[in-house]
Amino acid sequence: MRVVLTILLAGTLALAGCKPSTPAAPAATGEPKPAAEAPAADAGNGMQVRETTADLPTLAVDTIDGGRFELSAQRGKWVVVNFWATWCAPCLKEMPELSALDAMREDVQVIGLAYEDITAADMQAFLKEHPVVYPIAILDVMAPPADFATPRGLPTTYLISPEGKVAKAFAGPVTARDLEALMAQSAGKPG
């Protein structure tokens, strides 16, 4: 059943050209919401669907290299949280640019969240052909991270400020220039 649902999800996103049917939730303003307030609904197939992203999201995932990525450990850095898939052409196009951004800036950490049903061995083989310097985690598409909205299309990217707040959500491909411009623009604003 899980494989069928994953195939249906992948097919739907592929038919959409990896572009979302609706824009990603805009960055919230005001007081941060606790993770428990992020709405979640059962899509009727066991999949948890979240419509909004917490202002101060948490994220802790095991990476395919055997490590652990914790968003809370990245305070003081900009974090690029990138939902993607191996079958998504726009995702593959942005990977080298995100990798270069991560490599060039010590104040930036990228995390790739593979939003598909794939084995760690298959992902490792894929990454030999498409190497990146940032960590990759494979998500359970039936239970995506609790503090992030369920992606409506791929890629979906969140820029998290050094204070841990969502600075902006991007639906569709993003460039290093887009991210750096937003970081520069936000540099003088209080967090």
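Let's start inside helix H2, where the buried residues are Pro90, Cys91, Glu94, Met95, Leu98, Ser99, Leu101 and Asp102. Keep in mind as you look around that this is a predicted model. What covers those buried H2 residues? The cover includes strand E5 (78–84), strand E6 (108–114), helix H3 (120–129), strand E8 and helix H4 (176–186).

H2 itself runs over residues 89–104, and its length can be checked on the back of an envelope. With 16 residues at 1.5 Å a residue, H2 should span 22 Å, and its end C-alpha atoms are 24 Å apart, which agrees. The helix does have a kink, though: about 30 degrees, at Met95, shortly before the proline Pro96.

Not every H2 residue is tucked away. Take Leu92, which lies in this helix. Is Leu92 buried, or partly exposed? Its relative accessibility is 24%, so Leu92 counts as partly exposed, because buried would mean under 20%. Leaving aside neighbours within four places in sequence, Leu92 is in contact with Trp84, Ala85, Thr86 and Phe126. Its C-alpha atom is also 9.2 Å from that of Pro155, a residue 63 places away along the chain.

Pro155 deserves a stop of its own. You'll find Pro155 in the loop between strand E7 (136–138) and strand E8 (156–160). The peptide bond leading into it from Leu154 is cis, with omega near -5 degrees. Most peptide bonds are trans.

Now step back for the overall layout. The protein has 4 helices and 9 strands, and along the sequence they follow the pattern α-β-β-β-β-β-α-β-α-β-β-β-α. Of its 191 residues, 43% are buried. The accessible surface comes to about 9,400 Å², with 56% of that belonging to carbon and sulfur atoms. How much of the contact network links distant parts of the sequence? Among contacts with a separation of 6 or more, 72% are between residues 24 or more positions apart.

The largest nonpolar core holds 48 residues, and those with the most contacts inside it are Leu59, Val81, Phe83, Leu113, Met123, Tyr158 and Leu179. At least two residues of this core come from each of E5, H2, E6, H3, E7, E8, strand E9 (166–171) and H4. Which element gives the most? That's E5, with 6 residues. For a closer look at one of the well-connected residues, pick Leu179: not counting residues up to four places away in sequence, it touches Val80, Leu98, Leu101, Leu159, Phe170 and Val174. Two of the names in that list, Leu98 and Leu101, should ring a bell from the buried residues of H2.

Next, follow the chain out of H2 and into the loop before E6, which is the place of Arg105. Arg105 is partly exposed, with a relative accessible area of 22%. Leaving out residues up to four places away in sequence, Arg105 touches Glu180 and Met183. With Glu180 there is a side-chain to side-chain polar contact at 3.2 Å. Arg105 also sits 9.7 Å, C-alpha to C-alpha, from Lys77, which is 28 residues away along the chain.

A last stop is Ala120, in helix H3. Ala120 has a relative accessible area of 37%, so it is partly exposed. Its C-alpha atom is 9.3 Å from that of Thr63, although the two residues are 57 apart in sequence.

Technical notes
Residues are numbered from 1 along each chain as its sequence is written. This is a predicted model: local features need pLDDT of at least 70, side-chain atom pairs count only at pLDDT 80 or more; totals for chains, interfaces and linings use all residues. Side-chain values use heavy atoms; hydrogens and water are left out. The expected span of a helix is 1.5 Å times one less than its number of residues. The bend at a residue is the angle between axes fitted to the seven residues ending there and the seven starting there. Buried means under 20% relative accessible area, exposed over 50%, partly exposed in between (1.4 Å probe, protein chains only). Contact means heavy atoms within 4.5 Å. A nonpolar core is a set of buried Ala, Val, Leu, Ile, Met, Phe, Trp, Tyr and Cys residues joined through side-chain atoms within 4.5 Å. Accessible areas come from the Shrake-Rupley method with a 1.4 Å probe; for residues, only the protein chains shown count as cover. A polar contact is a pair of N or O atoms within 3.5 Å; within protein, one must be able to donate a hydrogen and the other to accept it, and residues adjacent in sequence count only if both atoms are side-chain atoms.
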